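Trainee: I am new to this structure and would like a close look at one residue and what it touches. Please then carry on from there to other parts, explaining each term as it comes up.

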Amino acid sequence: MSTEYDFIKACWGQPVDRIPVWLMRQAGRYLQCYKDVRAKGGGTFLDLCKDPARAAEVSIQPIDILNVDAAIMFSDILTPVETMGMELDFVPGPVFAKPIRTAADVDALIVPEDMAQAVPYVPAIIKRLRVALEGRVPLIGFGGAPFTLACYMVEGKGSKDFAALKQMMYGDFPLYDALMQKITAMDTAYLNMQIDAGAQAIQIFDTWGGLLAPHDFELYILPYAKQLINGLKRKGIPVIYFVKGGGTMLDLVKEAGADVIGLDWHVGLGKARDILGDDVAVQGNLDPTVLYAPKPYIEKEVQRILDENAGRPGFIFNLGHGILPTVPPENAIHMVECVHRLSLK
Ligand code: CP3
C-alpha cells in the first residue's frame with residue numbers, strides 16, 4: 001500500500017503535511033502542449049486514447065506543469081463502451097451511431113470476458129505511466145458510473161435532460177435494469193483490470209447523477225453504484241465517487257460505499273463534511289470558473305475552502321468539475337501553489 005503519498009493518505013483519512021490537490025480533466029485542451037501532442041499524431045481524440053505513448057505523455061504534462069499530487073490516466077469514460085459493440089465517435093462531444101432503445105438492443109450488448117484483451121491500450125497506458133512517473137505521484141484510474149454511461153448509450157449523445165433514458169427508466173424498468181446490469185458488469189471488470197494493471201486509486205464519474213431526485217437516485221442509481229463499488233478489488237486501493245449535483249443527497253451518495261466523496265461547488269464543503277461525518281474523505285470543490293478570476297481572488301477562494309474544511313483529515317483539494325478548455329494555465333498553476341502554501345502545517 002502506497003501510504004507514503006499525501007494523496008493516498010488523505011483518501012484514507014490519515015493526517016498529511018499539506019493538502020493534496022489535482023484537477024479533474026487536468027490533461028486537455030487548456031494546455032498548448034496537449035494540443036501539440038494531439039496534432040502530432042494527426043488522428044482523432046479516440047486515436048489519442050488508443051495510443052499508449054501519446055496518452056501517457058499527455059497524462060504526465062499536468063504533473064510537470066501544475067505540480068499536482070496525482071496523475072490520472074488519459075482516456076475517456078466512454079471508450080470501454082465500444083467493447084460492448086457500440087460504435088463511438090467524438091465531434092468533439094461523444095456520439096453513438098446506434099443508441100440503445102429496445103430489448104433487442106440490450107440483448108445484443110456484449111460484456112467482454114477479458115477487459116485487458118478488449119481494451120489492451122488501457123493497461124498499456126497504466127503500465128507505461130507507472131514506469132514514467134517513477135513514484136513521483138500516485139496514478140488514478142477511472143470509469144464512468146453505470147448511470148452516466150447509460151445516459152450516453154441510450155441518448156446517443158450529450159443532452160440537458162437525457163429524456164430517452166428517463167423514458168426507459170420510468171416506462172420499462174425491467175429493460176432499464178437489464179441494461180444497467182450489463183453496464184455494471186462491464187464497468188466492474190474494466191475498473192478491476194485497471195487495478196490489476198497498476199492503478200493506485202479509482203475515481204468513478206457520475207456526471208449526470210444529480211439529474212435525479214433523491215428518491216429516484218435511491219431507486220435507479222444507488223443499487224448499481226453500490227454493486228460496482230462492492231465488486232472492486234479495493235484492498236489498498238481507495239475509491240472516489242463523484243456525483244455532480246449530489247450535494248442535496250449526500251447520505252445516499254455515501255451509501256454507495258466509496259472511501260472518498262467528490263463534491264461539486266453547489267454545496268458548501270463545511271456543511272457537506274458535517275453531513276457526511278468523519279468516516280469518509282471528501283474531494284472538491286472550487287467552482288471551475290474561479291480559474292478565470294484574478295490571482296488574488298483565486299487565492300482568497302482557496303483559503304475559503306481550506307477554512308471550510310477546518311483542518312479535518314481526509315481532504316483532497318480539486319475543482320467541483322473538470323477544468324474548462326479556455327482557462328489560462330498560469331491560473332491553474334497558481335491555484336495548486338496556493339493550496340500547497342496555505343495548507344502547509
Ligand atoms: O482528467 C483527465 O485529465 C483524464 C481525461 C478525461 C477525459 N474525459 C478526456 C477528454 C476524463 C477523466 C474524462 C471523463 C469524461 N468524459 C466524463 C466525466 C467527467 C466530466 O467531465 O463530466 C464525461 C461525461 C466524458 C464524456 C465526454 N468526453 C464529453 C461530454 C466530451 C466532450 C466535451 C469536451 O470536453 O470536449 C468528451 C471529450 C473529451 N474527453 C476530451 C478530453 C480531453 C476533449 C476531446 C478533444 O481533445 O478534442
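Mentor: Let us begin with His340, which touches Arg18, Ile19, Val21, Asn67 and Asp69 when residues up to four places away in sequence are not counted, a contact being a case of heavy atoms within 4.5 Å. His340 is found in helix α16, which covers residues 329–343, and here helices (H or I, at least four residues) and strands (E, at least two) are DSSP runs numbered from the N terminus. Because its relative accessibility is 6%, His340 counts as buried; the word buried stands for under 20% relative accessible area, exposed for over 50%, and partly exposed for what lies in between, with a 1.4 Å probe and protein chains only.

Before going further, please keep in mind that this is a predicted model, in which local features need pLDDT of at least 70 and side-chain atom pairs count only at pLDDT 80 or more, while totals for chains, interfaces and linings use all residues. Residues are numbered from 1 along each chain as its sequence is written, and side-chain values use heavy atoms, with hydrogens and water left out.

Helix α16 also holds a cysteine position worth a look: Cys338 is buried, with a relative accessible area of 0%, and Cys11 is buried as well, at 3%. A search of the whole structure finds zero disulfides, a disulfide being a pair of cysteine sulfur atoms within 2.5 Å.

Turning to a charged residue, Lys166 is found in helix α9, residues 163–171. Lys166 is buried yet has no salt bridge, and the nearest side chain of opposite charge, that of Asp161, is 7.0 Å away. For such a bridge, a side-chain nitrogen of Lys or Arg must be within 4 Å of a carboxyl oxygen of Asp or Glu; Lys and Arg count as positive and Asp and Glu as negative, while His and the chain ends are not counted. Leaving out residues up to four places away in sequence, Lys166 touches Asp161, Gly171, Leu211 and Leu212. In the loop between α8 and α9 lies Phe162, whose phi is near 50°, a positive value in a residue other than glycine. Phe162 is buried, with a relative accessible area of 1%.

Helix α12 (residues 222–230) shows how burial can be arranged around a helix, for Leu222, Tyr224, Ala225, Leu228 and Ile229 are buried there. These residues cover an arc of only 165° around the axis, and therefore lie on the same side of α12, where the arc is that of the directions from the helix axis to the C-beta atoms. What covers the buried residues of α12 includes α8 (146–155), α10 (173–197), β5 (201–206), α11 (214–220), β6 (239–243) and α13 (250–255).

Tyr224 leads on to the aromatic residues, since Tyr170, Phe173, Tyr176, Tyr220 and Tyr224 form one aromatic cluster. Rings of Phe, Tyr and Trp (its six-membered ring) pair if their centres lie within 6.5 Å, and planes under 30 degrees apart count as stacked, over 60 as edge-to-face and the rest as tilted. By this rule the count comes to 13 aromatic pairs. One of them joins Phe45 and Phe74, edge-to-face, at 5.8 Å centre to centre and 85° between the planes. This pair links distant parts of the chain, 29 residues apart, with Phe45 in helix α3 (residues 45–49) and Phe74 in the loop between β1 (71–72) and β2 (88–90). Both Phe45 and Phe74 are buried. The rings of Tyr176 and Tyr220 have their centres 5.8 Å apart and their planes at 85°, so that pair is edge-to-face. Tyr176 in helix α10 and Tyr220 in helix α11 are 44 residues apart, and their pair links distant parts of the chain. Tyr176 is buried, and so is Tyr220.

Finally, consider the backbone. Most residues other than glycine have a negative phi, and most peptide bonds are trans. The peptide bond from Val91 to Pro92 is cis, with omega near 0°, and Pro92 has its place in the loop between β2 and β3 (94–96). The bond from Gly284 to Asn285 is cis, with omega near -15°, and Asn285 sits in strand β8, residues 281–286. Arg25 has a phi near 60°, a positive value in a residue other than glycine; Arg25 is placed in the loop between α1 (6–11) and α2 (32–41), and is exposed, with a relative accessible area of 54%.
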